[in-house]
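Hi,

Here is the structure I promised to pass on. Have a look at it first, and then read on for my notes.

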Amino acid sequence: MKEYQTITEISGPLVFAEVDEPVGYDEIVEIETEDGRTLRGQVLESSEGLVSIQVFEGTGGIDRNASVRFLGETMKMPVTEDLLGRVLDGSGNPIDGGPEIVPDERHDIVGKAINPYSREYPEEFIQTGVSAIDGMNTLVRGQKLPIFSASGLPHNELALQIARQATVPEEDEGGDGDGSEFAVVFGAMGITAEEANEFMDDFERTGALERSVVFMNLADDPAVERQVTPRLALTTAEYLAFEKDYHVLVILTDMTNYCEALREIGAAREEVPGRRGYPGYMYTDLAQLYERAGRIEGKEGSVTQIPILTMPGDDETHPIPDLTGYITEGQIMMDRDLNSQGIEPPVNVLPSLSRLMDDGIGEGLTRADHGDVSDQMYAAYAEGEDLRDLVNIVGREALSERDNKYLDFADRFEEEFVQQGYDTNRSIDETLELGWDLLSMLPKAELNRIDEELIEEHYREEEPEAVQAD
């Protein structure tokens, strides 16, 4: 193995070195500083006679006298089932004080694209215990469903709630005896130490850590490491899903921090920027991560993704949510107004969407009435929202009795259906029964999106108020 002392330039997280033989793209590099430290990096660009290297631990302490060694292989993640219950840093090193990881295999972190012919269509329900998601925007095994949040909103609390509550319902009932187990891979990028402590306290308090693998990249860790963290997390998830038959839920937070790292490194490389200064290849880069969700024919396991991103300036047309929306199968929108009213979690179901919901609900999956109840509640809530604007102009007294019922429905929908707190775990049956309670506020004639047989079975007539005796 050749060792070079030919560093010509250091720019931000990048080191440029001269070489006299071809070096592969993405090849792993070791840089030994004069004080004896060994730093790891990755070849970002390779041209004749010159390579640019991104250093994971940052370039502090590196000078022209540092030695550069090219290892001849790309970065690999040591994988084993024993990773469950472990906490790792953003580069995949244990930080929980536990034993060293003894891997069964070492997998390339870039992963292999799933052959579209081998993909199995996602159509099996995952229960998150959150009514606004399960009832109105159902998550399906193998889906990628992002949460669009904004600065100051409680997306971390919702992420933790999903991480500890998510289950595959048939396993709760015993399944068929050979069902797959459920696991969570949690990848945090650029979060503060306070957020990291909050995550770890919750994981340990609730026992969710036993079935989880946690990757932690903090805000003061190098930006370059932020690019590696989600790839390590997804490589671990693919191993657990496709080789150990787990149903894996991957939660990645915060994708905005990941994209900021892309922009920072692009600026250090003096690339021509795209929209709002982000690299032109950001769409491709995000697609490489998101498209690693899915199911493969003949494999028991699945990889389901919930990426979380904070929209800069609450702007859903910003490049990060915009590109994410193109690649993924819907979005869960968090709402600042609902949050200010104290609704927990503040999920606005109207702009939220799960494109695969229709395939993952219904008889044999959730319940026969699920689709109709969801459609009717959506329509009734949308009408109630429109009437709120009208009330601001003409006052409530000017509205008909029918309109007032829709206004009451919208209020109760937020206060009873969406509002549930972060510690309440509702089964899909509880969610749908709650939906019927709310729909029974409306006259039967208004339930025009529900099959008549289902109305006869589930509709609850409001009891007339007792007449007080003289």
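To start with one residue: in which helix does T229 lie? T229 sits in helix α5. Bear in mind throughout that this is a predicted model.

T229 has a relative accessible area of 0%, so it counts as buried. A polar atom of the T229 side chain lies 3.0 Å from the backbone oxygen of E225. Setting aside neighbours within four places in sequence, T229 touches G90, A188, M189, F215 and N217.

The helix holds another threonine worth a look. T235 also belongs to α5, which covers residues 223–242. With a relative accessibility of 1%, T235 is buried because the cut-off for that label is under 20%. Its contacts, again without neighbours within four places in sequence, are M77, V79, H107, D108, I109 and R292.

How far can you trust the model? The mean pLDDT of the protein is 90, and 96% of the residues reach 70 or more. The stretch to be careful with is residues 174–179, where pLDDT is below 50. Beyond near neighbours in sequence, that stretch has 2 contacts in the model. Where pLDDT is low, the predicted coordinates should not be read in detail.

Now the overall picture. I count 14 helices and 21 strands in the protein. The radius of gyration is 26 Å, close to the 23 Å that the globule rule gives for 470 residues, so the protein is as compact as a globular protein of that length. Along the principal axes, the C-alpha atoms fill a box of roughly 100 × 55 × 40 Å. Of the 470 residues, 55% are buried. Among contacts with a separation of 6 or more, 72% are between residues 24 or more positions apart. The accessible surface is about 20900 Å², and carbon and sulfur atoms account for 44% of it.

On to the sheet near the start of the numbering, if you like strands. It has 7 strands and is open, with the order β1-β7-β4-β5-β6-β3-β2 and antiparallel pairing. β1 (3–4) and β2 (7–11) stand at the edges with a single partner strand each, so one side of each has no neighbour in the sheet. Within the sheet, β4 (residues 27–32) and β5 (residues 38–47) run antiparallel and are joined by 5 bridges. One pair to find on screen is I28, whose bridge partner in β5 is Q42.

Helix α2, at residues 155–165, is mostly covered, with 9 of its 11 residues buried. The buried ones include H155, N156, L158 and Q165.

Last, a tyrosine. Y459 lies in the segment after α14 (452–458). Is Y459 buried or exposed? Y459 is buried, at a relative accessible area of 13%. The side chain of Y459 reaches the backbone oxygen of L442 at 2.5 Å. L442 is also among the contacts of Y459 outside its neighbours within four places in sequence, a list that includes W436, P443 and K444. Between Y459 and K444, the C-alpha atoms are 8.0 Å apart, with 15 residues separating them in sequence.

Cheers

Notes
Residues are numbered from 1 along each chain as its sequence is written. This is a predicted model: local features need pLDDT of at least 70, side-chain atom pairs count only at pLDDT 80 or more; totals for chains, interfaces and linings use all residues. Side-chain values use heavy atoms; hydrogens and water are left out. Helices (H or I, at least four residues) and strands (E, at least two) are DSSP runs, numbered from the N terminus. Buried means under 20% relative accessible area, exposed over 50%, partly exposed in between (1.4 Å probe, protein chains only). Contact means heavy atoms within 4.5 Å. A polar contact is a pair of N or O atoms within 3.5 Å; within protein, one must be able to donate a hydrogen and the other to accept it, and residues adjacent in sequence count only if both atoms are side-chain atoms. pLDDT is the predictor's confidence in each residue, from 0 to 100. The radius of gyration is taken over C-alpha atoms; the globule rule is 2.2 Å times the number of residues to the power 0.38. Accessible areas come from the Shrake-Rupley method with a 1.4 Å probe; for residues, only the protein chains shown count as cover. Two strands pair if DSSP finds at least two bridges between them.
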